[in-house]
Amino acid sequence: MLIKNCFSLGIIFTIMIMAVNLSASTIAMKVDSLLNQMTLKEKIGQLNQYSSTWQLTGPKPTQKGNEERYEDLTNGMVGSMLNVVTVDEIKRAQELVVENSRLGIPLLFGLDVIHGYKTMFPIPLAQAASWDMQAIEKSARIAAKEASASGITWTFSPMVDLTRDPRWGRIIECAGEDPYLGARFGKAMVRGYQGKDLSTDNTIAACTKHFAAYGAPEAGREYNRVSISNYDLYNIYLPPYKATIDEGVSTVMNAFNTLNGVPATGNQFLVNEILRGKWNFSGFILSDWATISELITHGVAKDMKQATKIAITGGTDVDMESSAYIDYLEELILEGEVDEELLDQAVRRILTVKFELGLFDDPYKYCSKEREKEQAYTEKNHKAALEMAKKSIVLLKNENDILPLSKEIERIAVVGPLAADKDAPLGNWRCQAKSNSAVSLLSAIKNSVSSKTKINYAKGCNLVKMDGDYQDYKPVQVNETDTTGIQQAVKAAQNSDVIIAAVGETALLSGEGRSRQNIDLPGVQKTLLQELKKTGKPLVVVLFNGRPLTINWTEQNASAIVEGWLAGSQSGNALASVLFGDYNPSGKLPVTFPRNVGQIPIYYNQLNTGRPKLDENTVFVSRYIDGPNTPLYPFGYGLSYTDFKYDNLKISDNRISEDQTLQVKVDVKNTGQRKGEEIVQLYIRDLIASYARPIKELKGFKKISLEPGQKETVKFYLDRDKLSFYNNQYEKICEPGQFEVMVGGNSVDLLKTSFKMVE
Ligand code: BGC
């Protein structure tokens, strides 16, 4: 019976593979036949991408005016557009091309759908704090459904730029500092956007970005150089990109930065050697905004013609907003400077995605007002956004179990510049979300407490707000140093039993182009908290932020701290459900919180150094003389309203060979009074190797749910792949020797055992 089942499963599997291959070969034939009909100019047109002018996400293009762009569209000189939104506008642009150009090749419509389209989910960094891959996949799935109904066929996501620098504003868009978590996150996102079949009208092509190492700008300053060793590149920064390629992502975007002196755009090593060479990536690659023309500013090309040559030979298929290919590629090919075969390959890759999406069968299939009405901004999507937001929240401190609060509490002071804010939680890259459309903390608290509870609200102080989006934003004139409102907040606190203070960053203080030198609470928010503290009332701080903040005073003085990030449309409801105990927080930090900017870059998977710090009194060790090495909150950290006890860490063997798999088991018991979820984390340390290895590396995690008193044995497996690392030649090596295995609820409090890998 079993054999028979296996046999029929095998047949089904073979048929499935044949069907995929068949459709791939049919598409390849169609692509070739179309390519044969195309003129040189038309082929180059497919590589050209313009942005709409009404929503710029980069500097204003200078190369071509509106009239010329319009003409290019009708002449088939444009292959894709970005930032065109709404069904009507997308249809209009598609019609322009399909009805007027000689071959009527449909456009791709790309957009930065990063954490939702109309219904906003938490920023990616917050989603990563859930460590819940199913929920993350679902949030991308819903974003794809909403965006595709409006005609979007392609999202510039997932962004998997690992970072160790919270000064960098784009930390909001990634999964934090860990290669393993980042890889799992990237894969989940790709599955969510692309689904199983790209030709379905509610799946969209995804785009892994920014290749590569954009998350390590020197000094945390946006667009700055990236200088990292091959060792870190291979072991730390590349794995999340590779994971998305393995998951079948359709496209990849170049990055703005130089990597060890060479711009990432047109980078032979990154693109031709790694991405195409070692990883066999067969989709197409696009530049980031104007990065081809920026080859001139970087100082590696003397003019646009040379920049064009570098980019096309360095593997960039699509030119976003440089107008380089459309102006210079023909000339370069006619002069014999660029092989036309390179162009043909690029066109093939682009047309393949268009066929896969089904655009040749119906160029308007993604534009559907009915589907928009039925599937976008629905109650169901908001429910999913609420679930995701709840899972993203991290409880950082809870002295004397002050939280959760009773809903019957008599008087609550709700204070702070973000308490009533409906905009900050939407974060940056908010697509079609309406400004000020999030549920504020204040309104959610009002809806949560009993009718007898009195809420005393005061804003306390101002926080800089930006008016408008992206490039065009202007700071709204507020007096950030004004302390006159603090008195009212103090009064509200004096008349209450507990204070909930909502502080942090507004939406546009993080994101692209928003690096900060100082990551304390901006403005006079700390003074506000200090004055509130003087009232002697319990102080519960709720953080709104797109990055780790240096909040030492708050850690020392608040009774409780809830990390609420920028949690999307349902932010307030999610926070209220945590504050009043309807939801038991389970999030864990995907990134280390420093005590001081001077510690940056700070991360858990550091090397031991030759002189690790062992005590306070030794001078010649790796340390600071003016502060500790340890972070404020470590990677993987987060509390719950219940307690979990780890016990009985066991491994299946004390010695294994390279081809054996080690089983790791640990008992986790809920020893508290409430049901709760715990993210059980597995770390290893390769104690002796030919390269210095990190003191800890995450190699697995499991999210479990336990009733009070319930115990579960959690199992992990360590195989050759997980015990290997890359050498400087980008070879994955596994070396015999002693390994430590550590399991726990964060990267510091861990049970430990060890085994030996024998030859
Ligand atoms: C960003 C990309 C984005 C592109 C298009 C660039 O400035 O770096 O992440 O996809 O703009 O909006």
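## Surface, fold and an aromatic contact

In this predicted model, the protein chain exposes about 30000 Å², of which carbon and sulfur atoms supply 48%. Of its 759 residues, 60% count as buried. The charged side chains number 86 positive and 91 negative, and the centres of these two sets lie 6 Å apart.

The secondary structure of the protein chain comes to 21 helices and 28 strands. Its radius of gyration is 27 Å, close to the 27 Å that the globule rule gives for 759 residues, so the chain is as compact as a globular protein of that length. Taken along the principal axes, the box filled by the C-alpha atoms is roughly 75 × 65 × 65 Å. Among contacts between residues at least 6 apart in sequence, 79% join residues that are at least 24 apart.

The overall values for the chain are collected here.

| Property of the protein chain | Value |
|---|---|
| Exposed area | about 30000 Å² |
| Radius of gyration | 27 Å |
| Box of the C-alpha atoms | roughly 75 × 65 × 65 Å |
| Separation of the positive and negative centres | 6 Å |

Aromatic side chains offer a more local view. The structure holds 21 aromatic pairs, and one of them is formed by Trp565 and Phe593, which meet edge-to-face with 6.3 Å from centre to centre and 70° between the planes. Trp565 lies in the loop between strand S18 (560–563) and helix H20 (571–579), whereas Phe593 lies in the loop between H20 and strand S19 (644–651), so the pair ties together parts that are 28 residues apart in sequence. Both partners, Trp565 and Phe593, are buried. A separate grouping, one aromatic cluster, is made up of Trp131, Tyr180, Tyr604, Phe635, Tyr683 and Phe701.

Phe593 can be followed further into its surroundings. Although it is found in a loop, the one between H20 and S19, Phe593 has a relative accessible area of 0% and is therefore buried, the cut-off being under 20%. Leaving aside residues up to four places away in sequence, Phe593 touches Asn545, Pro548, Leu549, Glu563 and Trp565, and also Pro631, Leu632 and Tyr633. Trp565, the edge-to-face partner described above, is thus listed among these neighbours as well. Along the chain, Phe593 and Tyr603 are ten residues apart, and their C-alpha atoms are separated by 8.7 Å.

Note on methods. Residues are numbered from 1 along each chain as its sequence is written. This is a predicted model: local features need pLDDT of at least 70, side-chain atom pairs count only at pLDDT 80 or more; totals for chains, interfaces and linings use all residues. Side-chain values use heavy atoms; hydrogens and water are left out. Helices (H or I, at least four residues) and strands (E, at least two) are DSSP runs, numbered from the N terminus. The radius of gyration is taken over C-alpha atoms; the globule rule is 2.2 Å times the number of residues to the power 0.38. Buried means under 20% relative accessible area, exposed over 50%, partly exposed in between (1.4 Å probe, protein chains only). Contact means heavy atoms within 4.5 Å. Accessible areas come from the Shrake-Rupley method with a 1.4 Å probe; for residues, only the protein chains shown count as cover. Lys and Arg count as positive and Asp and Glu as negative; His and the chain ends are not counted. The place of a charge is taken as NZ of Lys, CZ of Arg, CG of Asp or CD of Glu. Rings of Phe, Tyr and Trp (its six-membered ring) pair if their centres lie within 6.5 Å; planes under 30 degrees apart count as stacked, over 60 as edge-to-face and the rest as tilted.
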